[in-house]
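Q: I should like to learn how to read a structure of this kind. May we go through it feature by feature?

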Amino acid sequence: MKILVTGANGQLGTELKKVLEEQIPGITTYTDVDTLDLRDADAVAREMERGEYTHVVNCVAYTAVDRAEEEKAECSALNVDAVRNLATAADRMGAKVLHISTDYVFDGRACRPYRESDKVNPISQYGTTKRKGETQLLAISPDSVIIRSAWLYSPYGRNFVKTVLRLAEKASVHEPLRIVCDQIGTPTYALDLAHAIVTILCSRQWVPGIFHFTDEGAASWYDFACAILRIRGIKAPIQPILTEDYPTAASRPFYSVLDRSCIKATYGVEIPHWETSLAHCLSRM
Ligand SMILES: NC(=O)c1ccc[n+]([C@@H]2O[C@H](COP(=O)([O-])OP(=O)(O)OC[C@H]3O[C@@H](n4cnc5c(N)ncnc54)[C@H](OP(=O)(O)O)[C@@H]3O)[C@@H](O)[C@H]2O)c1
């Protein structure tokens with residue numbers, strides 16, 4: 001097995017490198033935009049030929065959900081065109097692709113956790129381009145695995161945990177932390193997703209298709225923020241607010257909990273509860 005990880009310096013890529021080097025060391029090449037720009041189709045094709053990889057894990061994406069509403073071309077270049085470049089080169093070389101997608105492919109009107117077979121209906125530029133990336137990949141390379149995840153955080157990069165810790169330092173009774181309480185999803189530790197990816201790579205069977213993976217449980221952003229403060233022992237004032245009181249450029253689904261039974265049944269992936277994983281992440285920060 002020879003693995004290529006793209007976007008290796010991002011949140012997920014950094015955790016994936018840690019897990020791969022612990023569990024199956026020395027067989028993976030790690031690239032990021034400075035070493036392999038996925039927008040460059042020729043460079044991607046050359047690297048796939050040179051490395052003779054059996055598997056590619058794509059951690060590259062345009063993830064700035066609000067900025068994407070303005071930077072439509074940049075967002076599409078990474079979430080659609082770059083995926084096509086990778087899929088085409090991998091398919092030509094017979095390499096299997098494992099790609100990451102998002103809960104934001106759904107519109108959030110469900111009242112039970114979303115299954116892989118549920119109808120998608122993205123309501124943002126980010127969600128729309130991620131969905132296009134999924135369909136392009138499966139059209140070019142139907143043998144691929146796509147994992148839809150959600151609300152990722154880790155000790156690295158920019159994420160909600162770091163934002164809450166930063167804002168909590170400035171919060172006061174007059175200016176409390178104001179956190180949205182009517183969007184429900186599942187906070188997911190990037191390290192847990194990295195473990196799930198390595199479980200799939202090491203599995204005896206490769207079952208292609210779309211799989212949902214988040215940590216166990218469900219929470220609002222407000223619940224998530226309260227747990228961060230509680231675990232850290234921070235006494236900052238915090239106030240629940242409605243989405244309508246916190247306007248953002250991009251619309252987000254009100255409910256995007258994902259059903260994880262398929263990935264558990266197919267690949268035997270073990271999933272911790274989000275609060276357990278949050279405590280683990282905070283202990284590393
Ligand atoms: N973050 C979330 O909450 C979330 C939720 C659901 C699903 N996901 C999905 O999970 C995956 C990983 O997300 P993440 O949070 O780890 O993303 P991330 O931290 O933004 O990492 C993306 C990486 O891709 C690199 N990159 C940017 N442009 C590139 C290019 N042209 N060629 C090669 N590499 C490039 C970035 O480098 P620079 O930093 O230098 O630009 C960065 O290292 C993505 O597919 C994302 O859509 C994320």
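Q: How many helices and strands are there in the chain?

A: Helices (H or I, at least four residues) and strands (E, at least two) are DSSP runs, numbered from the N terminus. The chain has nine helices and twelve strands. This is a predicted model, in which local features need pLDDT of at least 70 and side-chain atom pairs count only at pLDDT 80 or more, while totals for chains, interfaces and linings use all residues. Residues are numbered from 1 along each chain as its sequence is written, and side-chain values use heavy atoms, with hydrogens and water left out.

Q: Why is the chain described as being as compact as a globular protein of that length?

A: The radius of gyration is taken over C-alpha atoms, and the globule rule is 2.2 Å times the number of residues to the power 0.38. Here the radius of gyration is 19 Å, close to the 19 Å that the rule gives for 285 residues, so the chain is as compact as a globular protein of that length.

Q: What percentage of the residues in the chain is buried?

A: Buried means under 20% relative accessible area, exposed over 50%, and partly exposed in between (1.4 Å probe, protein chains only). Of the 285 residues in the chain, 52% are buried.

Q: Which residues of helix 2 are buried?

A: An α-helix has 3.6 residues a turn, so residues three or four places apart point the same way. In helix 2 (residues 41-51), the buried residues are Ala-43, Val-44, Ala-45, Glu-47, Met-48 and Gly-51. They pack against strand 1 (3-6), strand 2 (28-30), strand 3 and helix 3; contact means heavy atoms within 4.5 Å.

Q: Which residue caps the N-terminal end of helix 2, and which residue follows helix 2?

A: A polar contact is a pair of N or O atoms within 3.5 Å; within protein, one must be able to donate a hydrogen and the other to accept it, and residues adjacent in sequence count only if both atoms are side-chain atoms. Asp-40 is the cap, with a side-chain oxygen 3.2 Å from the backbone nitrogen of Asp-42. Glu-52 follows helix 2, and its phi is positive, near 45°.

Q: Where does Asp-66 lie, and which residues does Asp-66 touch?

A: Asp-66 is in the loop between strand 3 (55-58) and helix 3 (72-93). It is partly exposed, with a relative accessible area of 28%. Not counting residues up to four places away in sequence, Asp-66 touches Thr-248, Ala-249, Ala-250 and Arg-252. The side chains of Asp-66 and Arg-252 are joined by a polar contact of 3.0 Å, and a polar atom of the Asp-66 side chain lies 3.4 Å from the backbone nitrogen of Ala-249.
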